[in-house]
Structure formats: structure tokens, C-alpha cells
Amino acid sequence: MLNVALPKGRLGDSVYTLFNEIGYECKEILSDSRALEFTDASESIRFLLVKPSDVGVYVERGAADIGVCGSDILDENGNHIFELMDLHLGVCKLAVAAKVEYQEDANLPLRVATKYPNIAKKYFESVGRNIEIIKLNGSIELAPILGLSDVIVDIVETGTTLKENDLEVKHKIKDVSARLIANKSSFQFKKESIENIVEKLEKNIKN
Amino acid sequence: MIARYEKLPKKDRVPLQLRSLYEQKGYSKFTMSKFESYDMYYDNKDFLKNDGIITFTDFNGKLMALKPDVTMSIVKSTNKNSGVLKYYYNENVYRAVGNPPEYKEINQMGLELIGGDGIYSEIEVIELALKSLGKISSKNRIVISHMSFINLLLNELGYSNEIRKELVEIIQNKKIFKLDDMEIKEKDKEYIRQLVNISGDYLKGLEKAKKLCFNEKMKNIVCELEEIYEAIKLFDLEDNLYLDFSIINHIEYYNGLIFKGYIDGIPKAILRGGRYDRLMEKFNKNADALGFAIYIGDLERYLKEDIDYDVDAKLIYGDAKSNEIIEAMKVLEENYLSVRAEKVQNDNVKAGIEYILKNGRMEEK
């Protein structure tokens, strides 16, 4: 039995659809049930519905053998796992954004509001910029509007949310997508089942 | 009743079994003191990966450290005239782990073979690593890798440090898909893919590794790995030996064979080891050095056995006189491994059977 951690929400639904397409069916997942674990019809996979930012923890600690997690979260948390596949889902980018009319003062440390303090620190270090991190957990776009920060580091999909808040992307940091990750110990002992799934997913994605 | 070894809980038996395993091979016990001057560790912090060292000042204002690692202590204690050293140890080390850092006491049990020579030393260490895991569970594996092989391959491909760092990350995390976007030659991408695919079956892995040999040095490493396999076959343990180059460690310390040990059901590697001649060089103690450490702390949860009760028997003595209690306890201790005397009944400690002492007589409850 393979334990698979899925992120709750839109991404998890898309991932479940993928698994369904490669032959693992579990209709209850898409229902309104409040349950958090579901076993598929063939009883070979157990899906665990997990908070997206927690998937890496579940997999690293072996509570799940494999899981699907955004590369933004993996980069931020630095989980020790194998990153086996890019699923090309949940595609977006990590970027520095600010008010459209924002002018940077290079003499002052830059105040950066973000959910991703590690990624932000690393990026600004690479461009040699001194910063002050303001860690927030949501509605990051508010920060520059209220003068809480100069810029934000956040994920951007279509850019609509930024636009609606009079913000724009100033620098792209990196692309983000959902990855299939595996626990390093499970990879040793459940290698065949894991590689079987990887192969089927790869074939499906190619088509 | 005399307490017997077999009655010890598994978590206490395993370290004793390991101790006897190492002593049978002529390893002697190394004991270390708990504190050390901090400057020794300052220059080699990377050896501990991202774990921090717990420090304090002594009465003279000198910065001291709670020892974070046994291997470093052993290395420091060797000198040119030491000859061949075969030590095993079972010690607690102290580190600040995680983000934010938490102070942790970590139980390390392992061994070091210093001043060894040639391939037999490596075989002996791997044999002991396999047998160590075997004492814990038959569902175990030792996964072998080799720092030199990886480095020689990367040297041969010859890219900038930045690209090399990315390639190391790809190999370490098996992120082959990342190669697609990289600005390197297609045939080089293929070599990396093949290296990452060496993941599992030892002999099949060796065949793949042979195809990646660009020079004599790499071929020699493959021979070394082959010889280890053939030797381990003589112990009938070759089925637990695997090959996987995703195991990478700091090149400044580890320059050759490295390996990790896994147990089915434990999410992290509980055994880590390898050849660390370079660490010896850093301490100016040039010598062959091999060893491994087992993280017993990570095992405890796994080795916990379900027991129905905490003691075999209880004696509830109420108002009985001391001499009556002592006589009753003597009788019970003849028949039970563990007996607990209590004045009144209490449910915190569960017993297999309870006796009440009343009017000089013992009655089963």
C-alpha cells in the first residue's frame, strides 16, 4: 500500500485526476466528504489530503511515501526528499512585485513582505541587496499598499491579482510547478511501486 | 529470579548486541569526555552539516563546546604513532538542530577504523554495518556510493562551479527533469541521467557505472565496488547491498566510499558512514579513516514493544509491618522478575498480577 500526500484544493484535484487517468480510482475524494484519507478501488494507494505547505513534511517523515508539492514550498522548506518528476501542474512563478509607481532607494534596506522568507533572502543575497523581511501568511499584496513593505515576494499566476491591486512584477525569481516527491527510505523499499507510478505519469503527461 | 538478557526490552538489547559484535572483531571501546574547547570545531563546522554546536564559557572565560560528534573527538585523539586503531563507541553528543534551533542530545553508536589499509578494511566496515542493521531488522539495506566516482565524472564534464553545483543537486535529489532546461551538452545530460538511474540493484548498477568510466581512476573505483560485493557474498549478505549515487557528502571530508543504512519502516537513514581521510588531513593526522555511526535515538520509537504491564507483580502492603513486607517481597522476588511494593493501590504502574498483604498473609487480588 503506497501512501500518497495530496495538497488540499485545486492542485490536489488536478493531481487526483491524473492518478485517475493512470488507473487509480477513488470517487469519494471528489465528494464533499470531510474525511482526509481515501483508499482507491484496487486498495493499492491511500490518498492523504494535506495542507499544501505540509506535503513536504509528511513525505520527509515517512507518513506518506510520495506526495505532490509545489516547488515554491520545497525551495522554501528545503525538505530532504527525492524530487522525481515535474508534473507541469500549478504552473506559476515566484517574483518580486511592488506598486507600479514604486521607485527604489538603494541606500535604505529593502523591506520585503513575503510568505517565503528563505527564498527572498537567497534571491536578494544573490543580487547583493540588503533587506528586512516581514513574514506574512496571506494577502501579501496589501503590504506595499499600506506602506508595510516596499516590495513583496510571492507567487504570480496570471498577474490579475497584482493588477487589481495596482502592483506589478519587478523581477522574476524563478518558475514554479508541482513536483512528485518521494521519501528517501520508501524509495528504497517500495521502489517498484513508486517507479511504476512515475512511468505511468510520465506517459500520461507526454500525451 | 535472576534477570536475564533476553528479558530486556529490544531498545536496550540492541546496543549490547552491537557492542558484542564489534568486540568480537577486536574493536575496543572509546569513551570521551563531554566538553572540548570550541576552537577545534570552529574550523570544521561543515562536518556537522547544518547542526549547530552548543557552547558555554568556562570559569576562565574560554569558549567551550558540548561535544557534537564522536568521530571528530576520535580523530583529534589520534597521533602519528597510534598505529591501526579500531574503536567502537556508544555516546551522547549534543547539537542545536533545526530552524529555529533546538538543543538535542543525540545517541550515537558506531565505529572507526583508522590506519587501515586497502580493500579489506572497507570490507570489514561494510560487513559490520550490514550485521549491525541485521541485529535490528532483517528488512535492511546498506546503500553504497562513492564521492570520487561522482567527482571524477563531474571533472570530466568540466563545467563551471555554478553548473557543477546544480548537477550535484540534481544527482542528490534525483531531479533528472531539471536537466531538460539546462544549458549543457545533450550527451552530458545523458551521462547524468545514467548516473541517477544507478539506483538499486548492485550488479546492474555496476554495469551501468562501467559505461560511465572515462578514465583509469574511475575504472579502479568500479573494481573496488565490485570487490566489496564479491566479499560480502561470502557472508551471504549481498542481497542487502545496494548502489545509489544520490548519496553525496561534503567532498572536503569524504573522498571515497560512502554509504547509508536504511530499515524498512524508518523514514530516515539510521546509519551513515564512509571514508573520511580528508577530515584526518584537516587535523594533520594523515591516515586512512573509515567508519559509521548509527543513530540509536531514531530507532527507539521503532524498537518499542507493546507491553501489557510495567511490572510483573505488585505487593500492596497497607498497614503491614516492615518485617512482614520484607518476607512477602522475598517470596515474590523468587517467582517474578520484577516486583513493586506499594502501600496503596494505584493505577499509574500496571502489574501483571497483584497481591495484598493483610494480617501477615498474601492474597492474590
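Is B:Lys233 buried, partly exposed or exposed, and what is its relative accessibility? At 40% relative accessibility, B:Lys233 falls in the partly exposed class. Bear in mind that this is a predicted model. My notes follow, starting from that lysine.

1. B:Lys233 has a salt-bridge partner in B:Glu230, with N and O 3.9 Å apart. That just makes the cut, because the rule asks for a Lys or Arg side-chain nitrogen within 4 Å of a carboxyl oxygen of Asp or Glu. The two residues sit three places apart in helix α9 of chain B, so about one helical turn separates them. B:Glu230 is partly exposed as well, at 42% relative accessibility.

2. Helix α9 of chain B turns up again with B:Glu226, which pairs with B:Lys210 in a salt bridge whose closest N and O atoms are 3.2 Å apart. Here the partners come from two helices: B:Glu226 belongs to α9 (residues 216-233) and B:Lys210 to α8 (residues 202-211), so the bridge ties together parts 16 residues apart in sequence. B:Glu226 has a relative accessible area of 26%, which puts it in the partly exposed class. B:Lys210, at 36%, is partly exposed too.

3. Have a look at B:Lys86 and B:Glu124 next, whose side chains form a salt bridge at 3.0 Å, N to O. This pair joins distant parts of the chain, with B:Lys86 in strand β6 (residues 85-97) of chain B, B:Glu124 in helix α4 (residues 118-136) of chain B, and their positions 38 residues apart. B:Glu124 is buried, with a relative accessible area of 3%. B:Lys86 is partly exposed at 24%, since the buried class stops under 20%.

4. For the overall tally, the structure holds 42 salt bridges over all chains. How many of them does the rule find across the interface of chain B and chain A? Just one salt bridge turns up there. It is formed by the side chains of A:Glu83 and B:Lys175, at 3.3 Å from N to O. Both of these residues also belong to a salt-bridge network, together with A:Asp86, A:Arg179 and B:Glu169.

5. Now the rest of that interface. Six residue pairs are in polar contact across it, with both residues at pLDDT 80 or more. On the side of chain B that touches chain A, at least two residues each come from β8 (140-146), α6 (161-173), β9 (199-201) and β11 (257-263). Strand β8 of chain B gives the most, with three residues. By class, this side of chain B has seven charged, six polar and six nonpolar residues.

6. As for extent, the contact draws 17 residues from chain A and 19 residues from chain B. Between them the two chains bury about 1,500 Å², and 52% of that lies on carbon and sulfur atoms.

7. One last residue, over in chain A. A:Thr114 lies in strand β7 (residues 110-114) of chain A. A:Thr114 is buried, at 0% relative accessibility. Its side chain reaches the backbone nitrogen of A:Tyr116 at 2.8 Å. Leaving out residues up to four places away in sequence, A:Thr114 touches A:Ala120, A:Ile133, A:Ile134, A:Lys135, A:Leu136, A:Ile140 and A:Val153.

Methods:
Residues are numbered from 1 along each chain as its sequence is written. Chains are lettered from A and ligands numbered from 1 in the order in which they are written. This is a predicted model: local features need pLDDT of at least 70, side-chain atom pairs count only at pLDDT 80 or more; totals for chains, interfaces and linings use all residues. Side-chain values use heavy atoms; hydrogens and water are left out. Contact means heavy atoms within 4.5 Å. Buried area is the accessible area (1.4 Å probe) that two parts lose on being put together, summed over both. A polar contact is a pair of N or O atoms within 3.5 Å; within protein, one must be able to donate a hydrogen and the other to accept it, and residues adjacent in sequence count only if both atoms are side-chain atoms. Helices (H or I, at least four residues) and strands (E, at least two) are DSSP runs, numbered from the N terminus. Ala, Val, Leu, Ile, Met, Phe, Trp, Tyr, Cys and Pro count as nonpolar, Asp, Glu, Lys and Arg as charged, and the others, Gly among them, as polar. Buried means under 20% relative accessible area, exposed over 50%, partly exposed in between (1.4 Å probe, protein chains only).
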